[in-house]
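Please keep the sequence and the model side by side while reading. The paragraphs below go through helix packing, the cores, the cysteines and some individual residues in turn.

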Amino acid sequence: MNLSAALLAHPLLRVPTPESWVAQACALPEVLLIDHANCEKKAASTALSLMFAYAEDLDLAAKMSRLAREELRHYEQVAKMMGALKIAPRRLAPGRYAARMRQLVSTSEPQREVDLMICGAFIEARSCERFAALAEAIGAPVSDLFRGLHQAEARHYKIYLGLAARAATRAGVNLEQRISAFAVLESQLISGEDPVFRFHSGPPPRDAMAPEGPRSTQ
């Protein structure tokens, strides 16, 4: 099975990446790679923050430690690609996707741990699906990079989902119910028009290329 044939086989995602987003990504490779590099850094930072938040959980800490190192290696690969393509790093305002997904995370334990792991699983799963979509469309050498990252993201979502299942069992939380809630929101974010193009954004407004948002100070 090639990557494009596997897009709809993902067990978490309810909708595929819109074709209009793929077309936009191919038209804006600089923004795509800059934001992707940011995503890899944020993914490593998230893994490290979870190690601190649940420091007593040695199994979680071990998994997050390995995941953080791998995310940083991915960042280095993306940065190397940017250098080869002479793309200068710059600050970008964050998109809506991750922030909106995290709004669904409970503020109280033990459900908060379950939700954080589910949220991480969806972010990694969507990254996996987008790598597959882009690998078939964007052209070399970026397509080669994304093919290489696809399998790693597939592993990462499974790590988060396994931790979510374990936390839900300990806490007596209905895992499938929480996954369904995140799936509904995630599909809305991916399907709904998005004024700012990012790696996890929705499709651009009709008949318009997404404008660049205000610069972030992060």
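In which hand does H3 pass H6? The crossing of H3 past H6 is left-handed, in what should be read throughout as a predicted model. The two helices pack at an angle of about 165°, and their axes are 11 Å apart. Because an angle over 145 degrees counts as roughly antiparallel, H3 and H6 are described as roughly antiparallel to each other. On the H3 side the contact is made by residues including Asp59, Leu60, Lys63, Met64, Leu67 and His74, while among the residues that H6 contributes are Val142, Leu145, Leu149, His156, Ile159, Tyr160 and Arg166.

H6 also packs against H5, here at an angle of about 160° and with the axes 7 Å apart. This pair, too, is roughly antiparallel, and H5 passes H6 in a left-handed crossing. H5 in turn packs against H2, at an angle of about 155° and with the axes 12 Å apart, which makes H2 roughly antiparallel to H5. The crossing of H2 and H5 is left-handed, and the residues that meet there are Leu32, His36, Glu40, Ala43 and Leu50 from H2, and Leu116, Met117, Glu124, Phe131 and Leu134 from H5.

These helices can next be followed into the nonpolar interior. The largest nonpolar core has 35 residues, of which Leu12, Leu50, Met64, Met101, Ile118, Phe122 and Tyr160 touch the most other members. At least two residues of this core come from each of the helices H2 (29-53), H3 (58-84), H4 (97-102), H5 (111-135), H6 (142-171) and H7 (175-191), and the largest share, 9 residues, is supplied by H5. Tyrosine 160 is a useful residue to inspect here: residues up to four places away in sequence aside, tyrosine 160 touches Thr46, Ala47, Leu50, Met64, Leu67, Met117, Gly120, Ala121 and Glu124. Separate from the largest core is a second one of 25 residues, which includes Met82, Leu134, Ala135 and Phe199.

The cysteines deserve a separate look. A disulfide is a covalent bond between the sulfur atoms of two cysteines, and the structure holds 0 disulfides. Why does cysteine 39 form no bond with the closest cysteine sulfur? The closest sulfur to that of cysteine 39 belongs to cysteine 119 and is 13 Å away, which is too far for a bond. Cysteine 128 is likewise in no disulfide, since its nearest cysteine sulfur, that of cysteine 39, is 14 Å away. With a relative accessibility of 5%, cysteine 128 counts as buried.

Two further buried residues can be examined through their contacts. Arginine 130 lies in helix H5 and, at 0% relative accessibility, counts as buried. When neighbours within four places in sequence are left aside, arginine 130 is in contact with Thr17, Pro18, Trp21, Ile190, Arg198, Phe199, His200 and Ser201. One of these partners, proline 18, is 112 residues from arginine 130 in sequence, and the C-alpha atoms of the two are 10.0 Å apart in space. Valine 22 is found in helix H1 (residues 19-27) and counts as buried at 13% relative accessibility. Its contacts, again leaving aside neighbours within four places in sequence, are Thr17, Ala133 and Ala137. Valine 22 and alanine 168, by contrast, are separated by 146 residues in sequence and by 35 Å in space, C-alpha to C-alpha.

The backbone in the loops completes this walk through the model. In the loop between H4 and H5 lies proline 110, and the peptide bond that leads to proline 110 from glutamate 109 is cis, with omega near 5°. Proline 141 has its place in the loop between H5 and H6, and the peptide bond from alanine 140 to proline 141 is cis, with omega near 5°. Lysine 86, in the loop between H3 and H4, has a phi near 60°, a positive value in a residue other than glycine. Is lysine 86 buried or exposed? At a relative accessible area of 73%, lysine 86 is exposed.

Technical notes:
Residues numbered from 1 in each chain as written. Predicted model: local features only at pLDDT ≥ 70, side-chain atom pairs only at ≥ 80, totals over all residues. Heavy atoms only, no water. Core = buried A, V, L, I, M, F, W, Y, C linked by side-chain atoms within 4.5 Å. Buried < 20%, exposed > 50% of the residue type's maximum accessible area, 1.4 Å probe, protein only. Helix = DSSP H or I, 4+ residues; strand = E, 2+ residues; numbered from the N terminus. Contact = heavy atoms within 4.5 Å. Disulfide = S-S within 2.5 Å. Axes fitted to C-alpha atoms, helices over the stretch in contact; angles between N-to-C directions. Parallel < 35°, antiparallel > 145°, perpendicular 65-115°, else oblique. Left-handed = near helix turned anticlockwise from the far one by under 90°.
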